[in-house]
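Work through the exercises below with the sequence and the model at hand. Each task is followed by a solution in steps.

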Amino acid sequence: MRVILMGPPGSGKGTQAKLLSQRFGVPHVSSGDLLRSAVRRKSPMGVQAKKYMDRGELVPDDIILGAVEERLRESDCARGFILDGYPRTLAQDGALSATLARMQTRIDSVVSLSVSREEVVKRLSGRRTCRECGASYHIIFDPPRNPGICNQCNGELFQRDDDQEDTVMARLEVYERNTAPLVAAYRQSGLLCEVDGVGGQEQVLERILSRVQQRE
Ligand code: AP5
(Lines give C-alpha, C1' and ligand atoms only; values in the text may rest on other atoms or scores of the structure.)
Protein backbone atom coordinates (compact mmCIF):
# COMPACT_ATOMS: atom_id res chain seq x y z
CA MET A 1 0.00 0.00 0.00
CA ARG A 2 1.58 3.27 -1.15
CA VAL A 3 -0.54 6.31 -0.41
CA ILE A 4 0.09 10.06 -0.54
CA LEU A 5 -1.93 12.23 1.88
CA MET A 6 -2.46 15.83 0.82
CA GLY A 7 -4.47 18.72 2.19
CA PRO A 8 -4.04 22.14 3.74
CA PRO A 9 -2.29 22.60 7.08
CA GLY A 10 -4.40 21.11 9.87
CA SER A 11 -6.60 19.07 7.53
CA GLY A 12 -5.69 15.92 9.48
CA LYS A 13 -2.95 14.43 7.28
CA GLY A 14 -0.76 13.42 10.22
CA THR A 15 -3.69 12.05 12.24
CA GLN A 16 -5.00 9.96 9.33
CA ALA A 17 -1.52 8.87 8.24
CA LYS A 18 -0.92 7.36 11.70
CA LEU A 19 -4.27 5.50 11.57
CA LEU A 20 -3.58 4.21 8.03
CA SER A 21 -0.06 3.20 9.03
CA GLN A 22 -1.45 1.09 11.90
CA ARG A 23 -4.20 -0.36 9.70
CA PHE A 24 -1.87 -1.45 6.87
CA GLY A 25 1.31 -2.12 8.89
CA VAL A 26 3.44 0.21 6.75
CA PRO A 27 5.47 3.22 7.97
CA HIS A 28 4.17 6.78 8.21
CA VAL A 29 6.66 9.01 6.39
CA SER A 30 6.08 12.69 7.16
CA SER A 31 8.27 15.34 5.53
CA GLY A 32 7.34 17.74 8.37
CA ASP A 33 8.47 15.20 11.01
CA LEU A 34 11.74 14.53 9.13
CA LEU A 35 12.43 18.28 9.10
CA ARG A 36 11.42 18.81 12.76
CA SER A 37 13.70 15.97 13.82
CA ALA A 38 16.59 17.63 11.92
CA VAL A 39 15.74 20.95 13.61
CA ARG A 40 15.80 19.28 17.08
CA ARG A 41 19.19 17.70 16.33
CA LYS A 42 20.46 21.05 14.98
CA SER A 43 21.88 19.20 11.96
CA PRO A 44 23.00 21.39 9.01
CA MET A 45 19.72 20.49 7.24
CA GLY A 46 17.72 21.42 10.36
CA VAL A 47 19.46 24.78 10.80
CA GLN A 48 18.72 25.66 7.16
CA ALA A 49 15.13 24.38 7.25
CA LYS A 50 14.12 26.17 10.48
CA LYS A 51 14.30 29.62 8.88
CA TYR A 52 11.68 28.64 6.30
CA MET A 53 9.47 26.62 8.67
CA ASP A 54 9.24 29.51 11.17
CA ARG A 55 7.89 31.73 8.39
CA GLY A 56 5.44 29.08 7.15
CA GLU A 57 7.26 28.83 3.81
CA LEU A 58 8.23 25.69 1.93
CA VAL A 59 11.73 24.43 2.61
CA PRO A 60 13.75 24.54 -0.65
CA ASP A 61 13.91 21.39 -2.75
CA ASP A 62 17.67 20.93 -2.35
CA ILE A 63 17.05 20.38 1.39
CA ILE A 64 13.94 18.19 1.30
CA LEU A 65 14.25 15.97 -1.80
CA GLY A 66 17.26 13.94 -0.68
CA ALA A 67 15.92 13.51 2.85
CA VAL A 68 12.63 12.00 1.65
CA GLU A 69 14.32 9.78 -0.96
CA GLU A 70 16.73 8.45 1.68
CA ARG A 71 13.81 7.63 4.01
CA LEU A 72 11.80 5.88 1.27
CA ARG A 73 14.81 3.72 0.44
CA GLU A 74 14.98 2.32 3.99
CA SER A 75 14.03 -1.35 4.20
CA ASP A 76 10.80 -0.82 6.20
CA CYS A 77 9.32 1.08 3.22
CA ALA A 78 9.80 -1.87 0.85
CA ARG A 79 6.23 -3.15 1.47
CA GLY A 80 4.68 0.32 1.29
CA PHE A 81 4.32 3.63 3.11
CA ILE A 82 1.91 6.44 3.92
CA LEU A 83 3.49 9.64 2.66
CA ASP A 84 2.28 12.71 4.58
CA GLY A 85 3.01 16.25 3.33
CA TYR A 86 5.16 15.24 0.36
CA PRO A 87 5.11 16.03 -2.52
CA ARG A 88 3.84 19.63 -2.26
CA THR A 89 4.99 21.01 -5.60
CA LEU A 90 5.12 19.79 -9.19
CA ALA A 91 8.94 19.66 -8.89
CA GLN A 92 8.70 17.40 -5.81
CA ASP A 93 6.25 15.18 -7.66
CA GLY A 94 8.79 14.79 -10.48
CA ALA A 95 11.52 13.85 -7.98
CA LEU A 96 9.21 11.34 -6.27
CA SER A 97 8.31 9.70 -9.58
CA ALA A 98 12.03 9.30 -10.36
CA THR A 99 12.69 7.78 -6.90
CA LEU A 100 9.79 5.34 -7.25
CA ALA A 101 10.92 4.35 -10.75
CA ARG A 102 14.37 3.52 -9.31
CA MET A 103 12.61 1.44 -6.63
CA GLN A 104 10.48 -0.21 -9.38
CA THR A 105 7.24 0.74 -7.69
CA ARG A 106 4.44 3.28 -7.91
CA ILE A 107 1.80 5.16 -5.88
CA ASP A 108 -1.57 3.39 -5.46
CA SER A 109 -3.68 6.39 -4.35
CA VAL A 110 -3.44 10.09 -3.59
CA VAL A 111 -5.88 11.23 -0.90
CA SER A 112 -6.72 14.92 -0.59
CA LEU A 113 -8.47 15.99 2.63
CA SER A 114 -10.65 19.08 2.45
CA VAL A 115 -11.54 21.30 5.42
CA SER A 116 -12.52 24.98 5.61
CA ARG A 117 -10.11 27.75 6.67
CA GLU A 118 -12.16 28.30 9.85
CA GLU A 119 -11.77 24.63 10.78
CA VAL A 120 -8.01 24.79 10.07
CA VAL A 121 -7.59 27.72 12.45
CA LYS A 122 -9.66 25.99 15.16
CA ARG A 123 -7.65 22.78 14.82
CA LEU A 124 -4.19 24.35 14.72
CA SER A 125 -4.77 26.83 17.54
CA GLY A 126 -5.72 23.90 19.79
CA ARG A 127 -3.07 21.42 18.64
CA ARG A 128 -0.52 20.31 21.22
CA THR A 129 2.47 18.13 20.32
CA CYS A 130 4.65 15.94 22.54
CA ARG A 131 8.24 17.17 22.87
CA GLU A 132 9.50 13.60 23.35
CA CYS A 133 7.61 11.34 20.89
CA GLY A 134 5.86 13.84 18.59
CA ALA A 135 2.33 12.53 19.35
CA SER A 136 -0.33 15.09 18.49
CA TYR A 137 -3.42 16.11 20.51
CA HIS A 138 -6.11 18.78 20.43
CA ILE A 139 -7.16 20.53 23.63
CA ILE A 140 -10.87 20.11 22.75
CA PHE A 141 -11.22 17.50 19.96
CA ASP A 142 -8.61 15.00 21.19
CA PRO A 143 -7.42 16.01 24.66
CA PRO A 144 -4.70 14.11 26.53
CA ARG A 145 -5.79 12.25 29.72
CA ASN A 146 -3.78 14.71 31.85
CA PRO A 147 -3.56 18.30 30.57
CA GLY A 148 -0.12 19.13 29.14
CA ILE A 149 1.17 15.53 29.40
CA CYS A 150 1.49 12.93 26.61
CA ASN A 151 -0.62 9.76 27.09
CA GLN A 152 2.04 7.63 25.42
CA CYS A 153 5.31 8.68 27.08
CA ASN A 154 4.45 11.31 29.75
CA GLY A 155 6.40 13.88 27.70
CA GLU A 156 5.59 17.58 27.91
CA LEU A 157 3.06 18.92 25.36
CA PHE A 158 3.80 22.20 23.60
CA GLN A 159 2.34 24.39 20.84
CA ARG A 160 4.33 24.33 17.58
CA ASP A 161 5.87 27.73 16.72
CA ASP A 162 4.27 27.59 13.27
CA ASP A 163 0.78 27.13 14.77
CA GLN A 164 0.59 30.84 15.71
CA GLU A 165 -2.30 32.39 13.76
CA ASP A 166 -0.21 34.65 11.44
CA THR A 167 2.05 31.73 10.46
CA VAL A 168 -1.00 29.51 9.88
CA MET A 169 -2.35 32.14 7.44
CA ALA A 170 1.02 32.19 5.62
CA ARG A 171 0.99 28.36 5.40
CA LEU A 172 -2.54 28.41 3.95
CA GLU A 173 -1.44 30.86 1.27
CA VAL A 174 1.61 28.74 0.44
CA TYR A 175 -0.70 25.74 0.11
CA GLU A 176 -3.02 27.55 -2.30
CA ARG A 177 -0.12 28.87 -4.39
CA ASN A 178 2.18 25.83 -4.55
CA THR A 179 0.23 22.70 -3.68
CA ALA A 180 -3.28 23.30 -5.06
CA PRO A 181 -1.88 23.07 -8.66
CA LEU A 182 -0.40 19.66 -7.81
CA VAL A 183 -3.78 18.48 -6.45
CA ALA A 184 -5.32 19.57 -9.76
CA ALA A 185 -2.68 17.58 -11.68
CA TYR A 186 -3.42 14.42 -9.63
CA ARG A 187 -7.16 14.98 -10.27
CA GLN A 188 -6.48 15.01 -14.00
CA SER A 189 -4.34 11.87 -13.77
CA GLY A 190 -7.22 9.95 -12.14
CA LEU A 191 -5.16 9.07 -9.04
CA LEU A 192 -6.91 11.50 -6.70
CA CYS A 193 -9.44 10.51 -4.00
CA GLU A 194 -11.05 13.69 -2.62
CA VAL A 195 -12.27 13.14 0.92
CA ASP A 196 -14.24 15.39 3.27
CA GLY A 197 -11.90 15.85 6.28
CA VAL A 198 -14.59 17.11 8.67
CA GLY A 199 -16.07 14.69 11.21
CA GLY A 200 -14.66 12.33 13.81
CA GLN A 201 -11.20 10.84 13.15
CA GLU A 202 -12.66 7.33 12.70
CA GLN A 203 -15.37 8.65 10.38
CA VAL A 204 -12.77 10.35 8.17
CA LEU A 205 -10.66 7.17 8.24
CA GLU A 206 -13.62 5.09 7.01
CA ARG A 207 -14.19 7.56 4.16
CA ILE A 208 -10.53 7.28 3.13
CA LEU A 209 -10.55 3.48 3.34
CA SER A 210 -13.66 3.16 1.20
CA ARG A 211 -12.13 5.41 -1.49
CA VAL A 212 -8.67 3.79 -1.40
CA GLN A 213 -10.06 0.25 -1.42
CA GLN A 214 -12.29 1.05 -4.43
CA ARG A 215 -9.07 1.68 -6.36
CA GLU A 216 -7.46 -1.70 -5.47
P1 AP5 B 1 3.89 19.82 8.20
O2 AP5 B 1 4.23 19.37 9.55
O3 AP5 B 1 3.71 18.81 7.15
O4 AP5 B 1 2.65 20.79 8.33
P5 AP5 B 1 1.31 20.94 7.48
O6 AP5 B 1 1.27 20.34 6.14
O7 AP5 B 1 1.06 22.39 7.55
O8 AP5 B 1 0.33 20.05 8.25
P9 AP5 B 1 0.11 19.96 9.78
O10 AP5 B 1 1.11 19.02 10.39
O11 AP5 B 1 0.02 21.31 10.40
O12 AP5 B 1 -1.38 19.41 9.83
P13 AP5 B 1 -1.99 17.99 9.49
O14 AP5 B 1 -2.75 18.10 8.22
O15 AP5 B 1 -0.96 16.91 9.58
O16 AP5 B 1 -3.04 17.89 10.68
P17 AP5 B 1 -2.98 17.04 12.03
O18 AP5 B 1 -3.33 15.62 11.75
O19 AP5 B 1 -1.73 17.31 12.80
O20 AP5 B 1 5.00 20.84 7.66
C21 AP5 B 1 5.49 21.88 8.50
C22 AP5 B 1 6.46 22.75 7.71
O23 AP5 B 1 7.57 21.94 7.24
C24 AP5 B 1 5.89 23.39 6.43
O25 AP5 B 1 5.22 24.61 6.70
C26 AP5 B 1 7.16 23.59 5.60
O27 AP5 B 1 7.89 24.71 6.07
C28 AP5 B 1 7.97 22.33 5.92
N29 AP5 B 1 7.67 21.23 4.98
C30 AP5 B 1 7.03 20.05 5.25
N31 AP5 B 1 6.94 19.29 4.16
C32 AP5 B 1 7.51 19.99 3.16
C33 AP5 B 1 7.71 19.75 1.77
N34 AP5 B 1 7.26 18.63 1.18
N35 AP5 B 1 8.34 20.68 1.04
C36 AP5 B 1 8.81 21.83 1.59
N37 AP5 B 1 8.63 22.13 2.91
C38 AP5 B 1 8.00 21.22 3.68
O39 AP5 B 1 -4.23 17.69 12.82
C40 AP5 B 1 -4.18 19.03 13.26
C41 AP5 B 1 -4.97 19.16 14.57
O42 AP5 B 1 -6.34 18.81 14.33
C43 AP5 B 1 -4.49 18.19 15.68
O44 AP5 B 1 -4.61 18.86 16.91
C45 AP5 B 1 -5.47 17.02 15.61
O46 AP5 B 1 -5.66 16.41 16.87
C47 AP5 B 1 -6.75 17.71 15.13
N48 AP5 B 1 -7.58 16.85 14.28
C49 AP5 B 1 -7.16 15.93 13.37
N50 AP5 B 1 -8.19 15.33 12.77
C51 AP5 B 1 -9.32 15.90 13.32
C52 AP5 B 1 -10.73 15.71 13.12
N53 AP5 B 1 -11.19 14.79 12.21
N54 AP5 B 1 -11.60 16.46 13.82
C55 AP5 B 1 -11.12 17.40 14.73
N56 AP5 B 1 -9.80 17.61 14.97
C57 AP5 B 1 -8.91 16.86 14.27
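The model is predicted.

**Exercise 1. Surroundings of Val68**

Task: State which residues Val68 touches, leaving out residues up to four places away in sequence, and decide whether Val68 is buried or exposed.

Solution. Step 1: With those sequence neighbours left out, Val68 touches Ser31, Leu34, Leu83 and Tyr86. Step 2: Val68 is found in helix α4. Step 3: The relative accessibility of Val68 is 2%. Buried means under 20%, so Val68 counts as buried. Step 4: The C-alpha atom of Val68 is separated by 9.9 Å from that of Ala95, and the two residues are 27 residues apart along the chain.

**Exercise 2. Two helices in contact**

Task: Find how the axes of helix α2 and helix α4 cross, and name the residues that make the contact.

Solution. Step 1: Helix α2 covers residues 31-41 and helix α4 covers residues 61-72. Step 2: Their axes come within 10 Å and cross at roughly 105°. Step 3: Angles of 65 to 115 degrees count as roughly perpendicular, so α2 is roughly perpendicular to α4. Step 4: From α2, the contact is made by Ser31, Leu34 and Leu35; from α4, by Ile63, Ile64, Ala67, Val68 and Arg71. Step 5: Sorted by type, the residues of this contact are six nonpolar, one polar and one charged.

**Exercise 3. Backbone features in loops**

Task: Locate the cis peptide bond, then describe phi at Lys42 and at Gln104.

Solution. Step 1: The cis peptide bond joins Tyr86 and Pro87, with omega about 0°. Pro87 sits in the loop between β3 (81-84) and α5 (90-102). Step 2: Lys42 is a residue other than glycine, and its phi is positive, near 55°. Its place is in the loop between α2 and α3 (44-55). The relative accessible area of Lys42 is 66%, and exposed means over 50%, so Lys42 is exposed. Step 3: Gln104 is not a glycine either, and has a positive phi of about 55°. Gln104 lies in the loop between α5 and β4 (109-114). With a relative accessible area of 75%, Gln104 is exposed.

**Exercise 4. Salt bridges**

Task: Give the number of salt bridges, then examine the pairs Arg106 with Asp108, Glu119 with Arg123, and Arg171 with Asp163.

Solution. Step 1: Side chains of opposite charge can pair when their charged atoms come close. Counting a side-chain nitrogen of Lys or Arg within 4 Å of a carboxyl oxygen of Asp or Glu gives 18 salt bridges. Step 2: Arg106 and Asp108 meet through their side chains at 3.7 Å, N to O. Arg106 is exposed at 57% relative accessibility, and Asp108 is partly exposed, with a relative accessible area of 26%. Step 3: Between the side chains of Glu119 and Arg123 the N to O distance is 2.9 Å. Both residues lie in helix α6 (residues 117-125), four residues apart, about one turn of the helix. Glu119 has a relative accessible area of 15% and is buried; Arg123 has 15% and is buried. Step 4: The salt bridge of Arg171 with Asp163 has an N to O distance of 3.0 Å. Both Arg171 and Asp163 are buried. Step 5: Arg171 and Asp163 also belong to a network of salt bridges that links them with Arg127, Arg160 and Asp162.

**Exercise 5. Contacts of His138**

Task: Place His138 in the chain, judge its exposure, and list its partners.

Solution. Step 1: His138 lies in strand β6 (residues 136-138). Step 2: The relative accessibility of His138 is 8%, under the 20% limit, so His138 counts as buried. Step 3: The side chain of His138 reaches the backbone oxygen of Lys122 at 3.0 Å. Step 4: A polar atom of the His138 side chain also lies 3.0 Å from the backbone nitrogen of Phe141. Step 5: Leaving out residues up to four places away in sequence, His138 touches Lys122, Arg123, Gly126, Arg127 and Pro143. Step 6: Two of these partners appear in Exercise 4: Arg123 pairs with Glu119 in a salt bridge, and Arg127 is part of the network of salt bridges.

Key: Residues numbered from 1 in each chain as written. Predicted model: local features only at pLDDT ≥ 70, side-chain atom pairs only at ≥ 80, totals over all residues. Heavy atoms only, no water. Buried < 20%, exposed > 50% of the residue type's maximum accessible area, 1.4 Å probe, protein only. Polar contact = N/O pair within 3.5 Å; in protein donor to acceptor, adjacent residues only side chain to side chain. Contact = heavy atoms within 4.5 Å. Axes fitted to C-alpha atoms, helices over the stretch in contact; angles between N-to-C directions. Parallel < 35°, antiparallel > 145°, perpendicular 65-115°, else oblique. Nonpolar A, V, L, I, M, F, W, Y, C, P; charged D, E, K, R; others polar.
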